[in-house]
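Good morning, and thank you for making room for this on the agenda. Please take a moment with the structure before I begin to talk through it.

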Amino acid sequence: MTADILTVLWKERKGLFRVQGGRSRALLTMLLPVIMIAIILPVQMGRDYLTGAWPLVASLVIPVLLVGMTIPESFAGERERNTLPTLLASRLPDRAILFGKWALGVGYGFAMTLLVLLVSLITVNILHWEGQIMFYRANMAWAHVCVGLLMSGLIASLGVLVSLRSATVQGAQQALMSIILVPLMLLQVVPMLLLSVISNGRDLLRQLISINFTHFALITVGILAALNVGFLVAAMARFKRARLILD
Amino acid sequence: MTTMAIRTENLTRDFASVRALDGLSIEVASGEIFGFLGPNGAGKTTTINLLLGLLEPTAGRAEVLGFDTRAQADQVRERVGALLEHTGLYEQLSAEDNLEFYGRVWRMPRAEREARIQELLTHIGLWDRRKERVGKWSKGMKQKLALTRAMFHRPRLVFLDEPTAGLDVMAAVAVREDLAALAAREGVTVFLTTHNMAEAEKLCQEVAVIRKGQLVATGSPDSLRARMGGPRLEIVGRNFGESALALLRARPEVAAAEAHNAHLTIDLRQETDTAPLVGMLVSAGVQVEEVRRGKASLEEVFVTLMEEEK
C-alpha cells in the first residue's frame, strides 16, 4: 500500500507545477504569498513578528492559499483531461489513489508553511539583528508547526472531497474557496452577534479573548484534527470506482 | 484444450430504465485478437467497464482470466492492460514519464522499466522523442504511446476500446500495424472494440457483433461472411445494360445482380460454375475485362445484421 501511495505521489509531484499556464506561472503563484508573509511583513515588523500572532496567521493562510489552489486538480483535473478512467482501470487500490493525492496536498502545504516560518526567522535575524539569534517563543513554535500541518491536512482532505464531486477544476476551485470562506465569515459575524444580540455578550467575548494561549492552541489543534479525520473519511466513502467511472 | 481468457454468461447492465447490455454470453480464447463490433451506443464500452470490474452487472456474470469480475475485480485489474475511449495519457508529462508512472503502478523493477521503455518506444519509432511533453504530439503518436502503455507491464489480456477512432488513414494504419506486431510479439489476448469493419477483418481471429446491447452474431470473420453472404462474382467491364441484368436475375443460381459504373456484383445462391454466366453476359453485349470470385465483406455482413435487427 505504501509503495502504491508513493507511486501516485510521484506522478502528482511530477505534474504539480506543469498545469494551467505552465511552470513559471505556477512558481510565481507559489512564491508571491511566501514573499509577502515571509519577507515583507518581517522586514516591516522586526522582532514583533516573531513574538506576535503573525506566524500563526501564516500557518493558517499558506495552506489555504497554496493547497487550495492545487488540490482541486486531484480528481477534477483527471476527470477533465480524461485520464481518470485509465487510472481507475489500473491495479492501484482505491486508498492508494486517494491517499497519494491527499498526501501531496499535505506535504506541499506543510513544506511551504515550514519554509515561510524559516524564511521569516532568517529575515528578522538578518535585518533586525540584536546581537543574538532570535527565535519564536517556544510554546508558540510548536503551535505554528502543528497548525500548519493540520491546516494543510484539512484543506487537502476537504479539497479531495470537493474534487471528487466536481466535473471541472474551475468548479472544484470555486466550491472549495466558497466552503473555506464560510468559517472566515463566521469569525467576523459571531463577535458582532455576541456584542449586539446576547445581553452578556461583551463578557463572553472578553472571556474568549483572555483564554490562555496554550488552551487556545490545543482547542484549535483538536478542532482541526477532528475536521481532518471527518473530511478524509467522507472522501474515502465517496471514492467508488463504479461511481467515478460514470461521473 | 483451449483456455478461455474471457467468459460471460447472460451479462446484463441497466442504467436506470435503459438496458445497456442485455444477456451477453461470449467466450474469448487465450491468445486471440477478439473483435467486439457494434455501432455507437451498442454497449461496447459498458462491456469493457464490466469486464474490468469498474461496473457491477445488474444480472449475469463474467470471468476474466479465471477471476470473477464482481468479487475479484482487483485480481482482474492486476493482470490486464487497457486503452480506453481516451488515451488516458498525462499530457503535461513526457512520454517517458507516462510509461515510467505505469511501470511503477505495476511494480516493475527500475532496470526492467528502463529497458522496457527503450524497447517499446524504439519499436514504435518514438524513442528519440521520449523527453517531449505528450501534449505537443499528434493524435496518432499519442494513440501509439497509449497502446504501448497498455502493453507495458506484459499483461496477459489487453482491452482496446476503438484504438483507431478519430485518426486519419495513415495514423490508423500505423496504429493497426503496431497493434498487430505487439500482439504477436507479446502473445497477448486482445479484446478489441471497433466499428471499423476493415480493421476487424484485418486483425481479428474471432468477432462478436452487438446491437442495442444484444449479441446478434459471433464467429470468425470468414464464417460470418459465409453465413451472411453467399459466394459472389465481381465483374469489371462495360455495357452493363438493363437487358443483361434482367437475363442474369432470371437465372435460378443468381440471388441478386447490381451494376455500378464499371462494376457488376452478382450474389450467388450457392457455389456454382460461373463460366455459363460470363458467357451469357458476353453474348448480351457486355465487354468483360476482369472476373473475380469473392464473398461479402465483413462490413456488408455488419450492415445486413444491423438492418435485420431493425
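I will go from chain A, to the contact between the chains, and then to the sheets and helices of chain B.

Let me say at the outset that this is a predicted model, and that everything I describe is computed from it.

Chain A has 12 helices and 0 strands, so that is the simpler chain to read by eye, if you will allow me to start there. Its C-alpha atoms fill a box of roughly 55 × 50 × 30 Å, taken along the principal axes, and 38% of the 247 residues of chain A count as buried. If we take the contacts in chain A between residues at least 6 apart in sequence, 85% of them join residues at least 24 apart.

Now to the place where the two chains meet. Here 21 residues of chain A are in contact with 21 residues of chain B. On the side of chain A that touches chain B, the helices α1 (2-15), α6 (84-88) and α12 (241-246) of chain A each supply at least two residues. Which of these gives the most to that side? It is α1(A), with 6 residues. By character, the residues on this side of chain A divide into 9 nonpolar, 6 polar and 6 charged.

Chain B brings us to the sheets, and I would like to take the one with 6 strands before the other. This is an open sheet in the order β7-β8-β9-β4-β10-β11 of chain B, and its pairing is mixed. At the edges stand β7 (80-83) and β11 (214-219) of chain B, each with a single partner strand, so one side of each is left without a neighbour in the sheet. Neighbouring strands of this sheet are turned by 15° against each other on average, with direction ignored.

For one pair within this sheet, look at strand β8 (residues 157-161) and strand β9 (residues 189-194) of chain B, which pair in the parallel sense over 5 bridges. If you want a particular point to find on the screen, V158(B) has V190(B) as its bridge partner in β9(B).

Two helices lie across strands of this sheet. Helix α1 (residues 44-51) of chain B lies across β4 (33-37), β8, β9 and β10 (206-211) of chain B, and runs at about 150° to β8(B). Helix α5(B), for its part, lies across β7 and β8 of chain B and runs at about 165° to β7(B).

Helix α5(B) also has a helical partner, which deserves a little more time. The axes of helix α3 (residues 95-105) of chain B and helix α5 (residues 139-151) of chain B come within 9 Å and cross at roughly 20°. Angles under 35 degrees count as roughly parallel, and α3(B) and α5(B) are therefore roughly parallel to each other. Their crossing is right-handed. On the α3(B) side the contact is made by A95(B), N98(B), L99(B) and Y102(B), and on the α5(B) side by L145(B), T148(B) and R149(B). These residues divide into 4 nonpolar, 2 polar and 1 charged.

Let us turn to the open sheet of 4 strands in chain B, whose order is β13-β14-β12-β15, with antiparallel pairing. The edge strands are β13 (254-260) and β15 (287-295) of chain B, each of which pairs on one side only, and the twist averages 20° from one strand to the next. Strand β12 (residues 231-238) of chain B pairs with β15(B) in the antiparallel sense over 8 bridges. Within that pairing, G237(B) has V288(B) as its bridge partner in β15(B), while V236(B) stands opposite E290(B).

Two helices pack on this sheet as well. Helix α9 (residues 242-250) of chain B touches β13 and β14 (263-268) of chain B, and its direction makes about 160° with that of β13(B). Helix α10 (residues 275-283) of chain B touches β12, β14 and β15 of chain B, with a direction at about 150° to that of β15(B). Is β15(B) largely buried, or does it lie largely in the open? Of its 9 residues the number buried is 0, so β15(B) lies largely in the open.

I will end with two residues whose backbone may catch your eye. Most residues other than glycine have a negative phi. N10(B), however, has a positive phi, near 55°; this residue is found in strand β1 (residues 4-15) of chain B, and N10(B) is partly exposed, with 13 other C-beta atoms within 10 Å. A16(B) is not a glycine either and has a positive phi of about 55°. A16(B) is found in the loop between β1 and β2 (18-24) of chain B, and is exposed, with 5 other C-beta atoms within 10 Å.

Methods:
Residues are numbered from 1 along each chain as its sequence is written. Chains are lettered from A and ligands numbered from 1 in the order in which they are written. This is a predicted model: local features need pLDDT of at least 70, side-chain atom pairs count only at pLDDT 80 or more; totals for chains, interfaces and linings use all residues. Axes are lines fitted to C-alpha atoms, for helices over the stretch in contact, and angles run from 0 to 180 degrees between N-to-C directions. Angles under 35 degrees count as roughly parallel, over 145 as roughly antiparallel, 65 to 115 as roughly perpendicular and the rest as oblique. A crossing is left-handed if the near helix is turned anticlockwise from the far one by less than a right angle, and right-handed if clockwise. Two residues are in contact if their C-beta atoms, placed from the backbone, lie within 7 Å. Ala, Val, Leu, Ile, Met, Phe, Trp, Tyr, Cys and Pro count as nonpolar, Asp, Glu, Lys and Arg as charged, and the others, Gly among them, as polar. Two strands pair if DSSP finds at least two bridges between them. A residue is buried if 20 or more other C-beta atoms lie within 10 Å of its own, exposed if 12 or fewer, and partly exposed in between; C-beta atoms are placed from the backbone.
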